[in-house]
Amino acid sequence: MTTESDWHLSLVRPVTPRTPEGCEECLRLGSPWVHLRLCLTCGHVGCCDSSPLKHARLHAANDGHPIVQPLEPGENWRWCYVHEAVV
């Protein structure tokens, strides 16, 4: 499902990844991750829902920053954690 009119898109800002080398929390904890998600509000880099600790989802819930995009090259989509949809 695509939600083109998702009001959360108003939270998107130009960002720079804070930890482009990996998930911010996993790097601190020494935990593995599967894929990386970039918060489009603040630049937080978190691990995806397939990763053991799901830090991107936790960041979205705790900080109110629901829109992310993949940090992997060649992937070009955005996800809203609130609506569980591509935006």
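Let's start with strands S1 and S2, which run antiparallel and are joined by three bridges. Please keep in mind that this is a predicted model. One of the pairings to look for is leucine 36, whose bridge partner in S2 is cysteine 47.

Now let's widen the view to the sheet. These two strands belong to an open sheet of five, in the order S2-S1-S3-S4-S5, with antiparallel pairing. Which strands stand at the edges? They are S2 and S5, the latter covering residues 85–86, and each has a single partner strand, so one side of each is left without a neighbour in the sheet.

Let's stay with S2 for a moment and look at cysteine 47, which sits in that strand. Buried or exposed? Cysteine 47 has 0% relative accessibility, so it counts as buried. Setting aside residues up to four places away in sequence, cysteine 47 touches Cys23, Cys26, Trp33, His35, Leu53, Lys54, His55 and Ala56. Take His35 from that list: histidine 35 is 12 residues from cysteine 47 along the chain, and their C-alpha atoms are separated by 5.8 Å.

Cysteine 47 also takes us to the largest nonpolar core, which has 10 residues. They are Cys23, Cys26, Leu36, Leu38, Leu40, Val45, Cys47, Ile67, Cys80 and Val87. Which elements give two or more residues to this core? Those elements are S1 and S2.

Next comes the helix, so please turn to H2. Helix H2 lies across S1 and S2, and runs at about 125° to S2. The helix spans residues 55–63, and in it His55, Ala56, His59 and Ala60 are buried. Why do these buried residues line one face of the helix? Looking down the axis of H2, you find them within an arc of 145°, so they share one face. There is a general point behind this: an α-helix has 3.6 residues a turn, so residues three or four places apart point the same way. On the other side of H2, you will find Ala61 and Asn62 exposed.

What covers the buried residues of H2? The cover includes helix H1 (24–29), along with strand S1 (36–39) and strand S2 (45–47).

Let's pick two residues from that buried face. The first stop is histidine 59, in helix H2. Its relative accessible area is 7%, and because the cut-off for buried is under 20%, histidine 59 is buried. Apart from residues up to four places away in sequence, histidine 59 touches Cys39, Cys42, His44, Gly64 and His65. With histidine 65 there is also a polar contact between the two side chains, at 3.2 Å.

The other stop is alanine 60, again in helix H2. Alanine 60 counts as buried too, at 8% relative accessibility. Beyond its neighbours within four places in sequence, alanine 60 is in contact with His65, Pro66 and Tyr81. Serine 31 gives us a distance to compare on screen: serine 31 and alanine 60 are 29 residues apart in sequence and 19 Å apart in space, C-alpha to C-alpha.

And how does the chain carry on after H2? What follows is glycine 64, with a positive phi near 70°. You have met this glycine already, as Gly64 is one of the residues that histidine 59 touches.

To finish, let's go back to where we began. S1 and S2 are joined by three bridges, they each give two or more residues to the largest nonpolar core, and H2 lies across them both. Thanks, everyone!

How values were computed: Residues numbered from 1 in each chain as written. Predicted model: local features only at pLDDT ≥ 70, side-chain atom pairs only at ≥ 80, totals over all residues. Heavy atoms only, no water. Buried < 20%, exposed > 50% of the residue type's maximum accessible area, 1.4 Å probe, protein only. Helix = DSSP H or I, 4+ residues; strand = E, 2+ residues; numbered from the N terminus. Arc of directions from axis to C-beta. Contact = heavy atoms within 4.5 Å. Core = buried A, V, L, I, M, F, W, Y, C linked by side-chain atoms within 4.5 Å. Pairing = 2+ DSSP bridges. Axes fitted to C-alpha atoms, helices over the stretch in contact; angles between N-to-C directions. Polar contact = N/O pair within 3.5 Å; in protein donor to acceptor, adjacent residues only side chain to side chain.
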